[in-house]
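Hi,

Here is the structure I promised to send over. Have a look at it first, and my notes on what turned up follow below.

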Amino acid sequence: MKRVLSVLMAVTLLALMSGAYALPSHAAANTTGFAAEVVRLVNIERAKAGKPALKSGGYFLNAAAMVRAKEYAANPALVHKRPGNKEFSTVLDAYGISWTACGENLARGQTTPAQVVADWMGSAGHRKNILYDFDKLGVAVYEVDGRLHWAQLFVRNDYGFFASMWNSFAGFFTRMFSVFIR
């Protein structure tokens, strides 16, 4: 029995080393914690400018940011536009995210959160989004063929609590029923 297990482990190790069972290209980089680190670094930059910290946008805003990172990876020409030449903000609406102001930062090729935040801070338009009076931030990083694609979605919501909850429920039910309609 020990010999069989040893042979199986050796075969598995050789297969992994040969690349026969390589991870898919979008899962190769270890990006665990990158989004949280981007939020932390952005809030350090905001503190330097006397701005309040942004709150993490939670599941839906981060999921919307991932959609944008994937769209950007698939077609880099779609800077701040979505397929079909739609505005980037339509992803917020699709996830039922209430907003009165929104912004987006995209980047590709940077290998660390520190590098991408430094690059965004070195660009006037991106810096403006980071320092603007938004209150929530969603972040995603998506890897394709060894290249990281980054997305930040910023929102400000000046609606009251109940209007925000209504919009969230409406967005949730729209997403749920759209699965059954297709």
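**What I found**

Let's start with a loop residue: Asp145 counts as exposed, because its relative accessibility is 64% and the cut-off for exposed is over 50%. Before going further, please keep in mind that this is a predicted model.

Asp145 sits in the loop between E5 and E6. Its backbone caught my eye too: Asp145 has a positive phi of about 50 degrees, although it is not a glycine. Most residues other than glycine have a negative phi.

Asn85 goes the same way, with a positive phi of about 60 degrees, and it is not a glycine either. You'll find Asn85 in the loop that links strand E2 (81–82) and strand E3 (86–87). With a relative accessible area of 57%, Asn85 is exposed.

Now for a charged residue, Glu71, which is part of helix H3 (residues 58–74). Is Glu71 buried or exposed? Glu71 counts as buried, because its relative accessibility is 13% and buried means under 20%. And what does Glu71 touch, if you leave aside its neighbours within four places in sequence? The answer is Arg82 and Pro83.

Next, the helix pair. Helix H2 (residues 34–48) packs against helix H5 (residues 113–121) at an angle of about 40 degrees, and their axes are 9 Å apart. That angle makes H2 oblique to H5. The two helices cross in a right-handed sense. On the H2 side, the residues that meet H5 are Phe34, Glu37, Val38, Leu41, Val42 and Glu45. On the H5 side, they are Pro113, Ala114, Val116, Val117, Trp120 and Met121. Sorted by class, this contact has ten nonpolar residues, two charged ones and no polar ones.

Last, the cores. In soluble globular proteins, nonpolar side chains tend to be buried together. Here, the largest nonpolar core has 21 residues, and Val38 and Trp150 have the most contacts inside it. At least two residues of this core come from each of H2, strand E4 (101–108), H5, helix H6 (124–131), strand E5 (136–144) and strand E6 (147–156). H2 gives the largest share, five residues. Another core, of 18 residues, lies apart from that one, and it includes Ala69, Ala73, Ile97 and Ala151.

If you open the model, I'd begin with Val38: it is in the H2 contact with H5 and is also one of the residues with the most contacts in the largest core.

Cheers

Key
Residues are numbered from 1 along each chain as its sequence is written. This is a predicted model: local features need pLDDT of at least 70, side-chain atom pairs count only at pLDDT 80 or more; totals for chains, interfaces and linings use all residues. Side-chain values use heavy atoms; hydrogens and water are left out. Axes are lines fitted to C-alpha atoms, for helices over the stretch in contact, and angles run from 0 to 180 degrees between N-to-C directions. Helices (H or I, at least four residues) and strands (E, at least two) are DSSP runs, numbered from the N terminus. Angles under 35 degrees count as roughly parallel, over 145 as roughly antiparallel, 65 to 115 as roughly perpendicular and the rest as oblique. A crossing is left-handed if the near helix is turned anticlockwise from the far one by less than a right angle, and right-handed if clockwise. Contact means heavy atoms within 4.5 Å. Ala, Val, Leu, Ile, Met, Phe, Trp, Tyr, Cys and Pro count as nonpolar, Asp, Glu, Lys and Arg as charged, and the others, Gly among them, as polar. A nonpolar core is a set of buried Ala, Val, Leu, Ile, Met, Phe, Trp, Tyr and Cys residues joined through side-chain atoms within 4.5 Å. Buried means under 20% relative accessible area, exposed over 50%, partly exposed in between (1.4 Å probe, protein chains only).
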